[in-house]
Structures are given as C-alpha cells and as structure tokens.
Amino acid sequence: MAECHPVGFRWVMEAKRRGATIIHVDPRFTRTSAVADIHVPIRPGSDIAFLGGLVNYIISNERWFRDYVVNYTNAAALVSEDYRDTEDLDGLFSGWDAEKGQYDPSSWQYRGVEVTPAAGHREMFSGEPRAERGAIVSAEQHDFTLTDPLCVFQIVKRHFSRYTPEVVQEACGVPPELFEKVARALCDNSGRDRTSAFCYAVGWTQHSVGVQYIRTAAIVQMLLGNIGRPGGGIMALRGHSSIQGSTDIPTLYNMLPGYLPMPKASYDTDLKKYLEYNESASGWWSEFPKYTVSLLKAWYGPAATSQNDWCYHYLPHISGDHSHMVTVAAMADAQVQGYFVMGENPAVGSMNCALQRKGLHNLKWLVVRDFAPTETAEFWRNAPEIVAGDVKPEQIGTEVFFFPCAAHTEKDGTFTNTQRLLQWHHKAVEPPGDCRSELHFIWHLGRRLKELYRSSSEQKDFPLRDLTWDYRSIGEIEEPDAEEVLAEISGYTLGDHKYLPGYKELKDDGSTVCGCWIYCGCYKDGVNQPARRKPASEQTWVAPEWGWAWPANRRLLYNRASADPDGKPWSERKKYVWWDPGERKWTGYDNPDFIVDRPPDYRPGPGAKGIDTLSGIDPFIMQAEGKAWMYDPNGLLDGPLPTHYEPEESVLKNPLYGQQCNPARMEWIRNDNPYHKAWGDPDYPFIATTYRLTEHHTAGGMSRWLPWLCELQPEMFIEVSPELAELRGLENGGWATVSTIRGEIEARVLVTGRMQPFVQQGRTLHTVGIPYHWSWIGRSTGDAANELTAFVADPNVSIEESKAFSVQVVAGRRAKKRRAAAQGPLVEREVSGPERDLAPVHEKPGGKHGLHAGKTEMTEES
Amino acid sequence: MAKNNWFLKWPALRQVASGDPAGLGESAMTERTRSLKPRTAEADKVVGSVCPYCGVGCGQKVYVKDGKILDIEGDYDSPISEGCLCPKGSATMQLVTGTHRTMNVLYRRPYGKKWEKIPLKQAMDMVADRVKQTRDETWEEQHEKGHPLRRTLGIAHLGGATLDNEENYLIKKLFTALGMVQVENQARI
Amino acid sequence: MTTPATGFFTDTSVCIGCKACEVACKQWNQLPADGDFFSGRSYDNTIHLEATTWRHVAFVERQARLSGQTTSRPFSWLLMSDVCKHCQRAGCLEACPTGAIVRTEFDTVYVQPDVCNGCGYCVVCCPFGVINRREDDGRAWKCTLCYDRQKDGVEPACAKACPTDSIAFGKLDDLREMAQARLQELHRRGVTEAWLYGMSERDQPGTEGLHAFFLLLDRPEAYNLPPDPIVPTKGVAGSWGVMALAAAGMAAAALAATHSRGGDRK
Amino acid sequence: MSLAQSRLHVGREMSPGLALQIGEGAAQQVKHAEPDAGGIVPLWRQVPSQHRTDHNYYDLALLKEPVWIWSVPAYFYMGGVAGGSAMLAAALHGKKRLRRLANWCRFLAFLGTTIGPVLLTYDLGKMSRFLNMLRVLRPSSPMSIGSWSLAGTGMMAALSLLQGDRSGAVTRYGTAVGGLLVAGYTGVLLGNTANPLWRERRLLLPALFMSSAAASTAGVLQMMPLDEREEKVVQRFGMVGKAGEAACMVAMQRNDATVPEVAAAAREGKGGVLWTAAKAALVSGILVELLPVRSPLKRKVSGALTTIGAICLRFALLESGKAAAREPQTTINVQRRRMKG
C-alpha cells in the first residue's frame with residue numbers, strides 16, 4: 001500500500017501513530033513492510049489458505065462477534081441437504097456438471113428459497129424465469145443457535161476446519177508462531193470497541209481464483225463484525241484515477257451503468273424477461289425496473305415509450321464472455337476488424353504481450369488515444385518480433401490512427417476514486433495542437449456516425465438515429481459540455497426538468513431520466529456536487545461536503561451495521577450511525593445507508609414486497625435478505641465458499657485437495673498460449689509475481705516519459721533473494737534472463753533480503769519479483785514483464801492471473817534475437833505431467849478461440 | 001533595511017553602514033533575494049483538480065499564468081490527501097506539459113513503414129467511415145437459435161479507467177447504440 | 001529580523017521511501033533530472049544530494065530486526081529522506097567569499113543564484129557533503145528550504161508532499177518539542193534504537209545544532225551522515241595563529257637573508 | 001531552440017509552450033545528465049543487505065570532492081611566489097647592490113598577484129562574476145580574506161613595481177604584509193574545510209604554504225641570472241624555506257600516521273605520486289644546493305627542482321584531498337575516533 005498508494009497510506013501511518021498495529025502480508029518485504037509492525041512473507045498464490053486459517057482460528061477459538069454474526073450475516077440460514085463440501089469431494093463442491101464443464105448450483109441453495117445475488121452472475125440459475133424468486137422471506141429457514149449442521153455457520157466452520165496453522169505453514173510457508181501472532185492481533189482489535197480493516201489491491205484479485213480471495217477476507221470481517229463500521233471494511237485500493245468510475249459507469253462488456261447487467265441473448269430476449277431475471281423480489285434490487293427505464297429514457301429520449309418497451313430492443317445482447325482476453329483471442333484469430341484503445345496500453349499491461357500484438361496484427365484498423373504513441377500504437381514498428389526480423393512492418397495490414405489526448409488539466413470532468421468519491425477536475429488550460437478529450441472524440445465520432453446513418457431506414461441503425469446526443473458545444477474546438485453529461489448521468493424529471501435529488505425519486509413510468517442510478521443526485525439542485533470543495537478543516541471528519549460519494553453521498557456503505565440490532569452504537573468509541581428513538585429515524589455522522597425511518601424492531605409481514613421485505617436488522621440492503629453473505633448460495637461460478645486452489649502454474653501440489661486448480665477457471669488452450677506443468681515443472685522451477693513500484697504507473701504510459709520519475713527507477717529489474725542469486729549465479733546489478741514457455745525477458749538484478757525463499761513440503765521455493773512498468777518506448781525502457789504471462793483467468797470476473805506463475809531464471813542477457821511465443825511455444829517439449837483437475841473436471845468442453853471455461857454455458861452459446 | 005543610497009548597493013559598504021562585520025546576513029542579500037516570492041503568487045488563476053494517477057484521488061491545485069501551467073501541487077483542503085502527493089502526483093506538471101506529448105494525429109497506412117501526420121478532422125472522418133463499414137459488414141441481428149443479438153463483434157474497445165466518468169458514459173452510450181459489446185477497460189486488467 | 005527560525009524535522013521511523021519529496025522538490029524548483037542510472041543500491045538510484053537533487057531518500061537494507069517489528073527473519077529496511085541541514089553554524093555560509101550564501105530571516109541558509117560565482121569553496125566546507133557546484137551551470141546549488149515559499153508563509157514543497165508526514169516543517173522550537181515527544185513515544189513502544197540526530201547544540205556541538213534534524217534508527221554513517229561533523233571555522237583560529245608565526249618566520253628569514261654583514265647601506 | 005534554452009530544458013522536458021518555468025532552479029543550466037555522478041559511482045555489485053564491517057552507506061562518498069581544477073593549485077603556487085617575492089622585495093628595499101634582485105622580486109610579486117586572480121577566475125563556474133569576490137568581507141572565510149589580500153597586495157605590488165625604491169613606507173610595508181597573507185592564507189583556506197585530509201593538517205598547512213612560498217620564490221629567482229651577492233640572499237632565503245617545507249612535510253607524515261585513513265588517502269593514487277615527487281624534488285633540490293661547488297648551472301638545477309617540488313606539492317594536496325573526500329570511511333573514522341576522545 002505504501003508502494004502503490006502512498007497518500008492512502010498516510011492514514012495507515014496516522015493510525016499507527018495512534019497505536020494501531022499494521023500487519024503486512026506480502027511475498028516481498030516492501031516499503032509497506034518497512035514500517036509495518038508485522039511482516040508476513042507468504043508464498044504467492046496461497047492467500048486463501050492463510051485467510052482460511054484466520055477463519056478457522058476465529059471460529060475454533062471462539063473469537064467471533066456473536067451478536068453481529070447472528071443478526072447481520074446469513075450464518076443462521078439453513079442450506080440444502082444436497083450440499084456437499086470440498087472437504088467431502090476432494091476439492092470440488094457438489095453439482096459439478098462434467099458435460100457442461102461448470103457447476104450446477106442448485107445444491108448450494110438456502111433450504112426452501114432461492115435468492116438473487118446482489119452482484120455476480122445473476123443468470124446462473126435462470127433456466128426458467130422465477131418472478132417470485134427471493135420474495136418469500138418467511139420461507140427462509142434459520143437456526144439462530146447456529147448449531148444445525150447444515151446452517152451456514154456450521155458449514156463454514158467445517159469447510160475451514162482443516163485450515164490449521166500447520167496447513168497454513170504447508171500451503172503458505174508462514175511459520176505457525178507468526179500466523180498466530182497475526183490472528184491474535186486481528187481478533188484483539190475487533191469487537192464492539194475496536195475494528196480492523198483489510199486493504200488489498202490486485203495482489204489479491206489477479207488470480208484464477210481471485211474473487212474468492214476477497215470473499216475469504218469478507219468472511220473474516222463478517223465473523224469479527226468489521227463491516228459497515230468505521231475503521232472496518234475491506235478496501236480495494238484501485239490503481240487508476242477513475243477505475244472505480246469506469247466500473248460504475250462501465251466500459252465493461254457485461255454491464256450497463258449502475259451495475260445493471262447487459263442483456264444476455266438467450267435469456268433477456270425482451271424487457272419483461274430482462275426485468276424478471278434481474279430484479280429481486282426483496283431487498284434493494286427490487287427497484288431494478290426504475291433504474292432500467294430511467295437509463296433507457298436517458299439514452300433514447302422521446303423514442304423510448306412504454307409501448308416499445310422503452311426501446312429495450314435497441315440494446316445489443318451478449319452471448320457469452322466478451323471480456324478483454326476473450327476479445328484478444330478472437331482478434332488473434334482475425335475475428336475482430338476494428339479496435340479502439342483509449343488511455344490504455346495492452347501491449348505492455350495485458351497478459352502474454354506477444355499474443356496481444358498478434359491480435360493487433362490481425363486487425364483491419366486500430367485507434368489509439370494517448371499522450372504519445374504507446375507500444376500498442378507502435379506494435380508494427382519496433383516490437384520485439386519486428387526488431388528480431390520475424391515479422392516485417394510491410395507484412396502488417398493494420399491501419400493505425402493515433403490521436404493525441406487532452407490531459408486532465410485540459411478538460412472538465414469527474415474521476416471516481418477508490419472510495420466511490422466523485423471529484424470534479426476543472427479545465428485549467430486549452431488542450432494544445434490536435435490534442436482533444438475523449439469526450440470530444442466520442443461526441444464528434446457519434447455526430448459523424450449519426451450523419452452517416454441519417455438516411456438509413458434499417459432497424460439496426462435506429463438506436464443511433466434515436467440516441468440523445470445534443471450536448472452544448474463549448475469554444476472554438478467544440479468541446480461538449482461535460483457538466484451537461486454529468487447532469488444526464490445524475491438524472492432529471494422529464495416534465496419540468498428538475499434535477500433529481502437521489503435514486504429514490506426514480507420512476508419506471510418514463511418520467512425520469514438517469515444515466516446511472518447509483519450516481520443519481522450528483523447534480524442535485526443543479527449543483528455540481530462533485531465540484532464541492534469545502535475545506536476538510538471546516539467540516540466533520542466524514543467530510544460530506546467534499547466531492548460526492550455514490551450512493552446518495554454516503555461515505556460508508558452498509559453503515560446501519562455500525563449500530564447494534566437495537567439501533568444503538570456498538571460502543572461510544574465506534575459510534576457512526578444510530579437510531580434516534582425520539583425522532584424515529586436513523587441518524588449519525590454519515591448519511592444512513594438504510595430506510596431512514598425504519599425502526600430496528602420492524603419485521604416484514606408475509607405479504608411484504610420489495611424494499612418492505614428488509615427488516616430493521618437487515619443492514620446489507622442490496623442483498624435479497626439484507627444479510628451479509630458468509631456463504632454464497634448464488635452468483636459465483638466457482639463455489640459458495642472460498643477454497644484454496646493453486647495457480648495455473650504452481651511449484652507445489654495443492655496441499656489440501658486432489659483438485660489442483662480452480663475447476664471453473666478460464667483457460668485458453670492455444671498454440672500461442674502454452675502452459676507449464678501444473679506443478680513441479682523442472683524447466684520452470686521458480687515462482688514469479690508481478691507488481692508495481694511507487695515511482696512508475698501501470699504500463700508506463702504516464703511515467704516512463706517523465707525524467708523526474710525515470711531517474712528514480714531508470715531500468716527494468718527483477719528482485720531475487722540472496723539464496724536464489726547464489727543458486728542461479730546471479731549478481732547484484734548484473735543481468736538475468738527470465739523465461740516462460742511464452743516469452744523471455746532480460747532485466748537487471750537486485751539481489752535483496754527483501755525477497756526470501758519459502759520452505760514448504762520439504763522443498764525450498766524461490767520467488768522472482770518482476771515489476772511490469774517497462775517496455776520498449778519512452779525515456780526509460782526495458783523488457784515487458786507480461787511477455788511472460790499467460791491467458792488464464794478467474795471465471796467470475798475474467799481477471800487474469802499474473803500474481804503467481806512459474807518461470808526459469810538464468811544469469812546473463814537474453815539472445816539478441818528476441819523470442820516470443822506468438823507463433824507457438826518457445827521451447828518444443830513434451831508436456832505431460834500432473835493433472836490440474838480431477839477426472840470429471842478434466843473433460844471440460846472447449847469453446848471458441850481456445851477458451852476452456854467453467855462457464856461455457858453462459859459464455860458461448862452453441 | 002536597504003536604504004536606497006546608491007553607494008549602499010555595494011554590500012561591503014552596507015556591512016560597514018549597518019555594523020555587520022560578519023556579513024553573513026541581510027547585508028549580503030541582493031534585491032532579487034529581498035523581493036523573492038513563490039511563483040504561485042504570480043498565477044492569474046488557480047483551479048481545483050484531481051491527481052490523474054492512482055485511485056486514491058488526491059486533490060491538486062493547478063496554477064495558471066498566461067494560459068500556461070505554472071505549478072501543480074497538492075490541495076490542503078482535500079480530506080483525502082491534505083496537500084500530499086506521491087512522486088507520480090508530484091510529477092503531474094511534467095506529465096501534462098512534457099515534450100513527450102504528441103500534438104498531431106498520426107496515421108499509419110496498412111503495410112506502411114512510417115507515421116504520417118494527418119489533420120484531425122480528416123482522421124475523425126476516416127474513423128467514422130471505418131466504424132460504419134465494419135459495423136455494417138459484421139452486424140449480427142439474430143442468433144441461429146432465434147435470440148435477438150443486434151450487435152457487432154467486429155469492433156472492440158479498451159480503456160476507461162484513466163478517463164472521466166462523463167467520457168466513459170458517452171463511450172458506453174455511443175458504442176452500445178452502435179451494437180458494440182466488446183467494451184472493456186483496466187478494471188479487469 | 002524577528003521571524004522565528006524554521007526548519008525540518010525528518011522522522012525516519014515513518015518514512016516509506018516513496019521519494020515524493022525528491023520529485024516535489026524538483027517540481028517546485030524545476031530542477032533537472034540528473035540522469036538515469038541503475039545503481040544496484042536497493043531502490044536508491046539518486047545516490048546522493050547534489051546540485052540538482054536537494055532531497056534524497058536513502059534505502060538501507062539490514063540483516064537485523066528493528067525493535068518492535070516482527071519479521072520472519074532478521075531484516076529491516078531503513079528509509080530516510082536527506083536534505084541540507086541548514087546548520088546553526090553553516091560551513092558553506094561562513095566560507096562563501098562572495099556573500100552569495102546568506103542566512104535568511106528564517107535562520108535558514110540560502111544560496112543567491114544571482115551572486116554565486118562558483119568558486120567552489122562552499123563545496124569543501126560542508127561537513128555533510130550537501131552543496132555542490134554544477135559544472136555545466138557553474139554555480140553552487142542546494143536546498144533553499146523553499147525560501148521563496150516561506151516568504152509567503154507557504155510550507156516547503158517536500159514537507160507538503162510527504163504522505164506520511166515524515167518530513168515536518170515548522171518553527172524550530174515547535175519541531176524540537178515534537179521530536180522529543182515522538183522520541184519518547186517510540187522509546188515507550190520499545191523502539192529503543194530511535195535517537196535524535198543534530199537537534200541541538202548539545203547533540204551536535206560541531207554544528208551547534210541543525211535546522212533540519214532527524215530521528216534515526218541506526219548509526220548516522222548507515223545513512224551516509226557524519227557521526228560528528230564540525231563546521232570548519234571551528235579551529236580556524238589555530239590555523240591563522242600558525243600562519244602568523246610562519247609569516248613572522250618568513251619575514252625574519254627575508255630580513256636575515258638580505259642582511260649583509262659587510263653593511264650595504266649606501 | 002537556442003543552446004542556452006536547450007540547456008534549461010535538459011532533465012525537465014517541459015514544453016515552453018505549455019509550461020512556465022520560473023522556479024528557483026529553473027535557471028540551472030544542464031548540458032548533459034550525469035547518471036553515475038560523473039563516473040565516480042560504480043554499479044553496486046554486492047548484496048545490499050550483506051553487511052560489511054565498515055557499515056557505511058554503500059561506500060558512497062560522504063563529502064563532496066573539491067571541484068577545483070588545475071588552475072587552483074597553480075594559483076597556490078603563483079600566490080606563494082608572489083607572496084614570498086613581495087616579502088623579499090620589502091626586505092630588499094633600499095639595498096642598492098641588490099636593487100636588481102629587488103626589482104626582480106617586485107616584478108614577481110606583481111606578476112603573481114596579476115596571474116593569480118586570472119587563474120582563480122579561470123576556475124570559477126561563472127567567470128564573469130569574479131568581481132563578486134569583493135562584494136563582501138567575510139572574516140569567517142579565509143577565501144574572502146585572501147581575495148581582499150590578493151587584491152590589496154596586487155595594487156601595492158603594482159605601485160611598488162612602478163615606484164621601485166622610491167616607494168613609500170605604506171607601499172613597502174603594505175606589500176610585505178599583503179605578501180605574507182597571500183603566501184599563507186591558502187594554507188588556512190585548505191585547513192578550514194570539512195575535508196578530513198586537509199582538516200587534520202590544518203595546523204601544518206599554513207606553515208607549509210608559508211615556507212614553501214619562500215622556497216618557491218627562491219626557486220624562481222635561482223633560475224635567473226644572479227650575481228654572487230644576490231645568489232647568497234636567494235640561497236639563504238630559499239634554504240630557510242626549503243628546510244621549513246621539509247620539516248612541515250615530515251611533520252605531516254608523522255601526523256598522518258595517527259590517522260591511518262588520511263595517510264592512505266595521501267599515499268595512494270595521483271596524490272600519492274605527486275607527494276612523492278614533491279618530496280623527491282625538494283630533497284634533491286636541497287642536496288644539489290648543498291653540493292660544494294658554485295656554478296650557475298647548479299643554482300638553476302636546484303631552482304628548477306625546488307619549483308617542481310613546490311608545484312607537485314600543491315597538486316598533491318588537491319588530489320589527495322579529492323581521494324580523502326571520496327572515501328567515506330576516512331571522514332567517519334576520524335570523527336568516531338575523536339568522539340571516543
């Protein structure tokens with residue numbers, strides 16, 4: 001955190017000054033470790049075992065927060081009698097469908113009732129529309145003593161019972177004393193009077209079982225009562241200025257703004273079905289239709305009427321996974337003609353650079369927008385395969401447009417930061433030359449396309465024809481007015497054009513317009529709320545008048561949980577939001593994340609619908625039953641509980657199960673994306689992990705050019721322990737070549753005690769640390785770490801696995817003629833070895849472009 | 001001090017005049033030193049901004065003079081950063097004013113060996129043409145099973161995490177209207 | 001000049017080595033990057049304070065634990081942002097023959113770039129190896145303690161940027177109080193190796209105390225700081241004395257040599 | 001972009017069209033980046049955390065090396081000659097038979113105080129600002145005192161050259177006192193630094209410079225055509241100087257023995273070679289001088305050796321000073337030992 005979010009770490013150090021214990025769990029000893037109280041080195045790719053160990057410790061030592069767990073989580077819910085755990089099936093949950101290559105989750109359900117998940121794959125179970133799904137709260141079966149062997153609590157307890165300190169040592173390489181010290185510190189600092197927080201970044205997410213990493217932390221925090229309370233939570237430290245915003249207003253294939261799902265071809269064939277599949281009968285998602293209709297009104301304006309289902313049929317439909325790597329694989333197979341890349345550099349930042357470039361080779365046209373031509377824009381010019389002479393520029397038919405972009409100081413707009421806070425940045429100067437904002441580019445592109453299609457009478461062109469696209473044009477360069485766009489995102493009423501104060505005002509009758517329901521109210525009263533800059537010193541520590549946080553300017557989500565079931569703060573010290581019995585409403589330092597006048601003792605009757613199904617002790621209002629899900633009956637493709645699986649390419653056999661890897665992971669079995677052996681590959685015996693440095697930014701487009709940053713970290717390097725250096729004859733400051741079967745790179749070597757070997761299962765395991773900022777363009781250059789990585793991904797969110805894979809490292813520089821596996825494996829060899837999967841999983845059916853995924857059913861309709 | 005007597009322009013005489021035998025302090029100062037000011041005092045406008053690097057969202061202040069950037073530094077008022085910036089944030093001025101920035105549209109024709117500069121408007125027209133052509137060529141109205149698709153898989157998009165919400169919104173809005181579904185960004189990269 | 005003395009207190013126990021201070025300094029002062037050199041010294045690729053680098057972060061990797069820190073094996077990483085010390089008795093200032101280096105109203109030491117003629121004497125007179133002459137520029141440069149900003153009551157750029165407040169700027173008296181309190185707190189928490197470097201004349205008689213002082217966790221030389229620096233002018237009296245004697249000797253020799261026994265008067 | 005502009009551009013890389021660059025260091029001109037601090041810092045090949053006994057910071061210099069170029073030791077020599085000559089000229093004042101020698105001395109004093117500032121100016125980073133040397137008078141700075149002395153002595157020397165034996169007492173004694181200052185202040189100047197080699201020798205350096213000034217003066221005069229009387233004067237003056245110089249050098253080496261790091265810095269590298277050369281030239285100069293023959297050749301050889309020795313000595317001091325600054329352990333050990341008391 002000190003490495004990549006130094007200013008965020010300011011508050012960690014402030015906490016430390018006030019006596020907090022800082023625990024840093026990381027394979028490397030980083031700048032965070034340097035000032036932490038405890039540093040726990042952990043083998044890359046084994047965090048679920050570590051966190052699972054914490055779960056086991058908390059439960060077996062009776063350190064969990066009973067009042068919180070019983071009332072605010074689903075611990076008491078009873079689960080289907082058909083449920084079988086990974087403990088019973090050697091690493092698989094019940095319901096594996098060998099033919100489809102995916103889980104059938106019907107055996108994971110709550111007993112007697114099916115609920116819609118607040119996020120994730122809501123379509124998972126949608127064989128038939130079930131409109132009443134989740135409606136009958138009274139049908140839920142509970143055991144509030146938490147003793148029923150099939151209640152969630154007991155299932156969780158059993159599931160993690162084998163995650164003992166000894167197993168943690170065997171899986172993670174963490175000594176039991178150190179583990180117990182962490183566990184004790186965490187438990188001692190949780191409860192009514194105290195809270196602990198988890199912070200993570202892509203070190204947790206970029207795994208083939210990434211989502212479940214976070215889930216495990218969530219279980220720990222639920223058990224300790226650390227969610228929805230000040231000083232608690234699980235903080236995702238996001239790496240880009242608006243990466244949160246680009247998820248909320250998603251430039252993501254599977255979502256529409258505000259986490260509304262993209263219509264799926266085989267299910268969401270019309271608006272009625274779309275709503276049926278996606279709205280929940282209970283909890284906040286019961287408001288789903290209002291958000292959908294307001295969005296369609298925002299986009300298609302007067303053309304959207306109740307008669308034509310608000311132009312729902314204008315929306316394109318997805319028929320599977322269209323995520324980045326899936327698209328690039330299709331691109332490499334010449335299935336994509338055109339590609340827009342804006343402010344991103346996949347030829348450096350994405351997996352398997354050679355395959356990324358192969359994709360670019362096979363495009364008809366490419367548009368790149370950035371400060372200066374990136375490796376993605378110049379792949380045809382001086383990429384490794386061009387320099388090596390394997391490919392000549394005149395063989396590449398891709399037409400490339402490079403557009404210079406405007407900087408954030410040259411345009412108005414909002415970024416959404418990692419805590420969901422929208423902040424407006426004002427234009428300070430005019431963009432120089434032909435530099436323009438993306439807003440300008442996309443608006444003018446849209447205007448041109450509208451013009452091109454103006455006379456078309458084809459159905460397919462109607463969405464474009466009817467698209468609302470009239471924004472005020474400012475100045476000589478005809479910049480669209482960003483504030484007007486923000487106002488549309490925030491929403492207004494159609495009749496009297498009143499800016500909406502919040503999402504509760506949205507209607508499903510076409511009378512409200514809102515581009516993103518969770519952002520509704522950010523232009524409340526016609527005031528640009530994100531532009532508010534009341535000095536922190538002039539307001540409370542919650543600082544509600546600085547910027548604007550979604551939803552409803554709420555700074556802490558699910559904050560009803562900061563009060564006990566009776567609505568009183570858990571303790572004076574951790575007071576945040578509480579029930580005021582006199583006023584009969586929720587109040588506190590923040591905007592209460594609850595129905596403001598719903599008393600703690602409210603219980604829904606049998607006839608309750610929608611939001612009325614939430615009782616006074618249901619703080620997690622987005623969940624169908626208002627409880628935090630310790631166990632996920634629904635929505636995750638790889639199981640209701642987190643389970644330790646090894647990375648695709650590991651150095652160890654899974655110490656817990658016969659199933660080595662996440663059975664549902666996404667794999668691309670392609671000649672240009674070969675994998676190493678599941679474990680113990682003698683040619684690739686070391687663990688590799690990639691990461692960022694403080695001095696650079698992601699793929700380097702915003703840092704590799706800047707002299708002030710380049711001088712601080714001028715060259716690509718790798719980090720190895722003195723032990724590995726000795727083993728491989730590496731010299732500090734010298735050169736090393738790191739290779740996988742997909743590519744090889746050279747780098748300077750830093751030999752450092754900050755890296756250390758792990759002794760596990762009787763073997764000494766070495767890690768190679770690889771920063772990924774560099775490539776061949778810029779003031780500071782070097783080989784790109786992602787030449788090494790492979791296409792392999794978590795099934796739930798299609799995020800790649802770059803934080804743990806296997807490599808070889810040798811002393812010296814690489815051959816002049818640089819090789820990459822875009823055409824096939826770097827080394828021809830027999831690949832046989834241990835299986836990653838148990839027999840039934842092994843039969844996973846293949847799909848398009850080499851994708852083998854445990855979600856074939858959803859991802860590729862055949 | 002600094003009596004404006006011309007002969008006191010020589011610091012050695014000032015030393016004598018002000019009885020400062022050591023000559024370490026004010027008598028050795030020049031006019032420039034005496035009238036030194038932070039350059040931000042010369043700014044003709046200061047605008048609030050946000051750091052463009054990571055997701056923490058530190059407040060920045062951009063000082064402008066004569067349409068040029070004078071300084072970019074942290075904003076004390078921000079409850080997030082209280083004036084702090086990390087090294088990347090501190091280098092923002094170099095990022096936005098750097099000579100590395102390209103000011104022209106560059107075009108590489110198919111099988112070409114070099115970049116060519118082309119006018120912005122022409123480039124925009126060309127891109128619009130390409131989009132239309134590809135879209136029309138690769139349009140999928142229906143799945144073979146009869147489900148509606150109404151889309152093109154012929155065009156893809158990547159990028160968004162460094163862009164403004166308003167930009168992402170228009171990207172999603174336009175591209176969805178065009179029937180593009182392969183719209184992605186760094187959020188999963 | 002009634003302005004209270006100001007300075008820096010750099011608390012290395014909270015430094016995260018992010019180098020924000022280095023960049024903020026270069027940004028504010030618009031100093032050039034002075035070259036891309038992978039040094040092999042942990043994350044320290046700036047190496048030292050220079051005419052072009054007025055803040056420098058040192059990275060000390062040690063095979064020893066820090067008290068109060070739990071690690072799996074004996075190891076710690078000490079990070080420290082170094083800067084011109086603005087000594088109470090400043091070698092550079094006292095040596096500067098042109099009056100380019102002056103003591104400001106904030107009791108800091110400032111090099112006037114419009115005066116300095118690059119004689120290079122300050123370079124050899126700094127007991128910390130801070131100030132240096134930039135050959136292609138010709139003048140000597142060092143940290144100004146953001147004299148320009150201070151003139152308007154603005155905090156220096158490095159202290160402002162520092163995310164963890166490892167660099168504190170303020171009135172010297174306040175800083176000393178703050179440092180004492182911090183030291184006691186750390187000692188209370190068992191970080192017994194913490195100590196204050198150069199805070200007062202008592203700590204560092206050779207310089208009579210630094211206006212940019214430090215809380216360190218190891219011996220000063222581990223951070224490339226001198227253990228007992230002395231301003232050169234302490235002890236110069238002896239040199240002058242010897243010179244006077246030698247001068248007398250030379251005069252005597254000259255007189256003796258020219259004295260002719262035969263008498264040479266006209 | 002002009003050269004000057006591009007120098008302001010190096011390492012900042014900000015477009016003048018987009019950024020206003022008026023910060024304090026913006027005027028710092030940079031021709032080229034010095035990635036490895038001008039080549040003196042090698043890539044570090046050891047494991048950073050593997051501790052060496054000396055426990056310093058990656059063997060990096062703790063002090064800055066002197067930035068002075070050849071013209072500074074050359075000036076030290078010229079100043080010495082000027083100072084010695086000025087003193088001798090004053091002593092010779094009014095001695096008729098030695099008038100030629102006195103004029104030689106006056107001329108040398110004038111020459112030294114004229115060339116000296118030129119040499120010093122040549123070393124300045126900003127030559128055009130040489131007059132700033134007289135901006136203030138800083139008693140704390142030997143260089144400031146030296147600059148004023150040099151300027152004053154230069155004027156006196158010029159006057160006395162013009163006036164010859166007619167010059168008044170003020171000029172005469174002024175030249176003498178100024179000459180002594182010019183001859184000796186450089187020793188104080190070196191001693192008054194943070195450089196451990198110079199600082200440890202700070203009580204010997206002024207004596208060394210003073211005596212060497214006498215020797216140097218004599219060395220130059222010896223190389224001129226002299227009559228017997230003049231030769232005697234020069235020889236006596238020179239012998240005292242050379243004896244003093246030799247004594248100081250021996251004392252320095254003995255002093256160094258108590259500070260091994262300083263001794264090492266003095267012994268090794270260019271400085272060590274020059275120091276040895278200086279010793280050899282000095283001793284052989286004395287030996288030649290002591291030869292029981294009298295010939296112009298012997299005198300000239302002795303004078304030349306003395307001159308070479310004096311020049312080598314000054315270069316040796318600069319080079320060894322650089323070596324001492326480069327080695328952090330020198331500074332650290334000297335200070336640690338002092339702290340132990």
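Two residues are taken to be in contact if their C-beta atoms, placed from the backbone, lie within 7 Å. The structure is a predicted model, in which local features need pLDDT of at least 70 and side-chain atom pairs count only at pLDDT 80 or more, while totals for chains, interfaces and linings use all residues. Residues are numbered from 1 along each chain as its sequence is written, and chains are lettered from A and ligands numbered from 1 in the order in which they are written.

The interface between chains A and B is a good place to begin. It takes 131 residues from chain A and 99 residues from chain B. On the side of chain A, the largest share, ten residues, is supplied by helix α19 (residues 438-452); helices (H or I, at least four residues) and strands (E, at least two) are DSSP runs, numbered from the N terminus. This side of chain A holds 70 nonpolar, 47 polar and 14 charged residues. In this classification Ala, Val, Leu, Ile, Met, Phe, Trp, Tyr, Cys and Pro count as nonpolar, Asp, Glu, Lys and Arg as charged, and the others, Gly among them, as polar. Strand pairing also links the two chains: strand β9 (residues 338-342) of chain A and strand β7 (residues 148-158) of chain B run parallel and are joined by four bridges, where pairing requires that DSSP finds at least two bridges between two strands. Within this pair, F340(A) stands opposite H157(B).

A second interface brings together chains D and C, with 97 residues from chain D and 82 residues from chain C. On the side of chain D, two or more residues each are given by α2 (71-92), α4 (142-163), α5 (169-191), α7 (205-222), α8 (228-257) and α12 (328-340). The largest share, eight residues, belongs to α5(D). By class, this side of chain D divides into 48 nonpolar, 28 polar and 21 charged residues.

Within chain A, a helix pair deserves a look. The axes of helix α3 (residues 47-60) and helix α6 (residues 152-160) of chain A come within 9 Å and cross at roughly 120°; axes are lines fitted to C-alpha atoms, for helices over the stretch in contact, and angles run from 0 to 180 degrees between N-to-C directions. This crossing angle makes α3(A) oblique to α6(A), given that angles under 35 degrees count as roughly parallel, over 145 as roughly antiparallel, 65 to 115 as roughly perpendicular and the rest as oblique. The crossing of α3(A) past α6(A) is left-handed, a term for a near helix turned anticlockwise from the far one by less than a right angle, with right-handed used if clockwise. G52(A), V55(A), N56(A) and I59(A) of α3(A) meet V156(A), K157(A) and F160(A) of α6(A) in this contact. Four of the contact residues are nonpolar, two polar and one charged.

Chain A also has an open sheet of three strands in the order β12-β13-β18, with antiparallel pairing. Its edge strands, β12 (413-416) and β18, each pair on one side only. Strand β13 (residues 421-425) is joined to β18(A) by two bridges in the antiparallel sense, and L422(A) has W548(A) as its bridge partner in β18(A). The loop between β18 (548-549) and β19 (577-580) of chain A contains P551(A), and the peptide bond leading from W550(A) to P551(A) is cis, with omega near -10°.

Another loop of chain A, between α13 (288-300) and α14 (324-332), holds D309(A), and C311(A) is found in the loop between α13 and α14 as well. D309(A) is a residue other than glycine with a positive phi, near 55°, and C311(A) likewise has a positive phi, near 65°. A residue is buried if 20 or more other C-beta atoms lie within 10 Å of its own, exposed if 12 or fewer, and partly exposed in between, with C-beta atoms placed from the backbone. D309(A) has 17 C-beta neighbours inside 10 Å and therefore counts as partly exposed, whereas C311(A) has 20 and counts as buried.

In chain C, five of the five residues of strand β10 (residues 212-216) are buried, so the strand is largely enclosed by the rest of the structure. In a regular strand the side chains alternate between the two faces of the sheet. In β10(C), A212(C), F214(C) and L216(C) point one way and F213(C) and L215(C) the other way. Strand β1 (residues 6-11) of chain C pairs with β10(C) in the parallel sense over four bridges, with F8(C) opposite A212(C). Strand β9 (residues 195-197) of chain C pairs with β10(C) in the antiparallel sense over three bridges, and here L196(C) stands opposite L215(C).
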